[in-house]
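Here is a short briefing on the charged side chains of this protein and how they pair up. Have the model open as you read, and follow the pairs one by one.

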Amino acid sequence: DECLRKGKINEAVKAYIYAGVQDRLIALGENYESMGMYSNAIDMYVFAKAKERLEVIGDKCIRDAKFADAIKALNHAGNRKKLLDVGDECMKRAKWDYALEIFSIIGNKQKLIELGDMCCTSSQLFSYASRAYELAGDKDRLSRLADLCLREGLINTAYKTYALADNAPMV
């Protein structure tokens, strides 16, 4: 508490963690949350091992479209179902980076393939499709994507994609 009065927040957090004072960490998290500093609030809830608070702030982050913070909170809370829902929402909103991160975190190959298939509709999204298929371990789709890249004239992307697919004759 003395550290907080002096404005030494980091030292106070370390002391609370060391002493195992979870209620103080949660109070700090609530303060951060009230100021809209969700990432800092999530850190405090993680230190306090407050899964229920992580769930609540994860939902708030989803509503506010702060997907990076939502992923962080729900991943620490261990809520794979909500993470999957966030990944689906990211796909609907074309937030491909977040969707890739979520589906790779939870190891959902089916969703990675679905994401890759959606990204194959535009040559500007081929890199996302390639990454999704790579994470899913789908070498057939990688080869087909490389063929599509060749037809679109994206030689460098096709080369890299064939290499990911272990398609030696085309490399």
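Let's start with one pair: Lys82 and Asp59 form a salt bridge, with their closest N and O atoms 2.8 Å apart. Lys82 belongs to helix 7 (residues 80-92) and Asp59 to helix 5 (residues 51-63), so this bridge ties together parts that are 23 residues apart in sequence. Please keep in mind that this is a predicted model. By the distance rule used here, the count comes to 14 salt bridges.

**More on the Lys82 pair**
- Lys82 has a relative accessibility of 22%, so this residue counts as partly exposed.
- Its partner Asp59 is also partly exposed, with a relative accessible area of 25%.

**A pair within one helix**
- Glu114 and Lys111 meet through their side chains in a salt bridge, at 3.5 Å from N to O.
- Helix 9 (residues 109-119) holds both Glu114 and Lys111, which sit three residues apart, or about one turn of the helix.
- Where do the two fall on the scale from buried to exposed? Glu114 is partly exposed at a relative accessible area of 33%, while Lys111 is buried at 16%.
- Lys111 counts as buried because its 16% falls under the 20% cut-off.

**A pair linking distant parts of the chain**
- Lys139 and Asp166 form a salt bridge whose closest N and O atoms are 2.9 Å apart.
- This pair links distant parts of the chain, 27 residues apart: Lys139 is in helix 11 (residues 139-151), and Asp166 is in the segment after helix 12 (155-164).
- Lys139 is partly exposed, at 37% relative accessibility.
- Asp166 has a relative accessibility of 56%, and this residue counts as exposed because the value is over 50%.

**A network around Glu33**
- Which residues are joined into one network by salt bridges that share partners? They are Glu30, Glu33, Arg53 and Lys60.
- Glu33 is placed in helix 3 (residues 22-34).
- With a relative accessibility of 9%, Glu33 counts as buried.
- Leaving aside residues up to four places away in sequence, Glu33 touches Tyr38, Ala41, Tyr45, Arg53, Ile57 and Lys60.
- Two members of the network, Glu33 and Lys60, are 27 residues apart in sequence, and their C-alpha atoms are 9.9 Å apart in space.

Key: Residues numbered from 1 in each chain as written. Predicted model: local features only at pLDDT ≥ 70, side-chain atom pairs only at ≥ 80, totals over all residues. Heavy atoms only, no water. Salt bridge = Lys/Arg side-chain N within 4 Å of Asp/Glu carboxyl O. Helix = DSSP H or I, 4+ residues; strand = E, 2+ residues; numbered from the N terminus. Buried < 20%, exposed > 50% of the residue type's maximum accessible area, 1.4 Å probe, protein only. Contact = heavy atoms within 4.5 Å.
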